[in-house]
Amino acid sequence: MPGPICFYIPSHIIDHIARNARQLGLDAEAAQRTAVASAAIRQQRQTSGLTSMEALTAPRPGRGDRQIFDDQQQFETGGTVVRGEGDSPVAAANANAAYDGLGATREFFREVLGRDSIDNAGMTLLGDVNYGDKYDNAFWDGSRMVFGNGDDQIFQDFTRDVDVCAHELTHGVTQHTAGLLYTDQSGAMNEAFSDIFAACVDQFVQKADAGEHNWLIGEEVMAAPMYGEAIRSMAHPGTAYDNPVLGKDPQAAHMAQYVPNGDPHVNSGIINRAFYLSAIDLGSYPAARIFYAALQNLWPTAVFTDCAYLCAEQARILARDGKVSRNAPQTVRAAFREVGIE
Ligand SMILES: [Zn+2]
């Protein structure tokens, strides 16, 4: 069952770039190609599958093994296999970064949340690098993680931030657990869970906790001219970027800014901030365990109040079992109340 496709750079940003590229002196063709390719992938994805499986080290079924493909600038996934599980690093830095990013995400889910790969049954992790021509995006197509190179004016290679990989793979986890529909509040939660565990994987790699983290999503994929901007801020949704190229960050931080039937990437800010507030008080991993337990009990059409209720309920169960601190239910309820959900 394929879930919804999620592009790392949301369409409202891609569209803004495509509309404004030429007058800003940017590579308008690269922006247009990215916009067109993204639309085409949405149409074609139902028929896409594995087209090349000649592994260096073949993945062992059910072990969460990694396999990295080089798409050689073609707009087609499943190119040449360049690195398998346990193979030595290769010359291409982005192939190694993709390998490491998939590995870090897999290890975070295994060590912190006790989950065995995306499907909790050791699903093989496929990653494609060098997808398309200056392709300004990355995506999870339901079976593989695909990274563009970026145009180096706005975005750089999408393997450069582990956020990207962790965000996209978490869409796979959501697809195999709550199956949250990609519309309105369930869609916003689908997006939020991806940012939540992406931020946690970032901290897992940096060996940092909530108080030391910048809570930015995608800051490492910004090209030099965009240095200092990011795609989203979990601590302060709506403040990640504001410039002529990307536009202004429209993310909601509170129910007062909630957009009915809005883009999931906009309303996700409300749940992102509830997680951030919980993590600052409880620590990122305890907060992650609570939200992960909630994710496994949510359902496709769930709404924000269901998420708030289940997070508090799971916090109570985890606290009773000594897995999170005793005040966790109160902390989680207060965090949701602070963003207007009760
Ligand atoms: Zn997403």
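Leaving aside neighbours within four places in sequence, which residues is Asp209 in contact with? Asp209 is in contact with Gln203, Gly283 and Ser284. Contact means heavy atoms within 4.5 Å.

This is a predicted model, in which local features need pLDDT of at least 70, side-chain atom pairs count only at pLDDT 80 or more, and totals for chains, interfaces and linings use all residues. Residues are numbered from 1 along each chain as its sequence is written, and side-chain values use heavy atoms, with hydrogens and water left out.

## Two domains

The chain is divided into domain 1 (6-176) and domain 2 (184-338). These bounds come from an automatic or database domain assignment. The centres of domain 1 and domain 2, taken over C-alpha atoms, are separated by 22 Å. To their contact, domain 1 gives 40 residues and domain 2 gives 38 residues.

## The zinc site

Four residues coordinate the zinc ion: Cys6 (SG), His167 (NE2), His171 (NE2) and Glu191 (OE). They do so at 2.0 to 2.2 Å. Donors are N, O and S atoms within 2.8 Å of the metal (3.2 Å for Na, K and Ca); water is not among the atoms, so sites may look incomplete.

The site of the zinc ion is tetrahedral, with angles of 89 to 132° among its four donor atoms. Four donors earn that word if all angles lie between 85 and 135 degrees. Along the chain, the donors follow the spacing C-x160-H-x3-H-x19-E. Cys6 lies in strand β1 (residues 6-7) and Glu191 in helix α5 (residues 184-206), so the pair ties together parts that are 185 residues apart in sequence. Helices (H or I, at least four residues) and strands (E, at least two) are DSSP runs, numbered from the N terminus.

Are Cys6 and Glu191 buried or exposed? Cys6 counts as buried, at 1% relative accessibility. Glu191 counts as buried too, at 0%. Buried means under 20% relative accessible area, exposed means over 50%, and partly exposed is in between (1.4 Å probe, protein chains only).

## Cores

A nonpolar core is a set of buried Ala, Val, Leu, Ile, Met, Phe, Trp, Tyr and Cys residues joined through side-chain atoms within 4.5 Å. The largest one has 100 residues. Those with the most contacts inside it include Phe108, Phe155, Phe197 and Phe336. Helix α5 gives the most to this core, with eleven residues. Both domains take part: the core draws at least three residues from each of domain 1 and domain 2.

Now look at Phe336. Not counting residues up to four places away in sequence, Phe336 touches Ile271, Ala274, Phe291, Cys307, Ala308, Cys311 and Ile341. Apart from the largest core lies another, of eight residues, among them Ala37, Ile41, Tyr135 and Val146.

## Two helices

The expected span of a helix is 1.5 Å times one less than its number of residues. The 23 residues of α5 should span 33 Å, and its end C-alpha atoms are 33 Å apart, which agrees. Of those 23 residues, 20 are buried, so α5 is largely enclosed by the rest of the structure. Lys207 follows α5, and its phi is positive, near 50°.

Helix α3 (93-113) has 21 residues, which should span 30 Å; its end C-alpha atoms are 29 Å apart, which agrees. This helix is mostly covered, with 15 of its 21 residues buried. Just after α3, Gly114 takes a positive phi of about 70°.

## Loop residues

Two loops hold the residues below.

| Residue | Loop | Relative accessible area |
|---|---|---|
| Asp209 | between α5 and β7 | 35%, partly exposed |
| Trp215 | between α5 and β7 | 2%, buried |
| Arg115 | between α3 and β4 | 3%, buried |
| Asn120 | between α3 and β4 | 41%, partly exposed |

Asn120 has a positive phi of about 60° although it is not a glycine. Trp215 is another non-glycine residue with a positive phi, near 60°.

Arg115 is in contact with Phe109, Arg110, Asn120, Val173, His176, Thr177 and Tyr292, leaving aside neighbours within four places in sequence. Arg115 and Tyr292 are 177 residues apart in sequence, and 10.0 Å apart in space, C-alpha to C-alpha. For Asp209 and Pro89, 120 residues apart along the chain, the C-alpha atoms are separated by 29 Å.

Technical notes: Four donors count as tetrahedral if all angles lie between 85 and 135 degrees; four count as square planar and six as octahedral if opposite donors are over 155 degrees apart and all others between 65 and 115; anything else is irregular.
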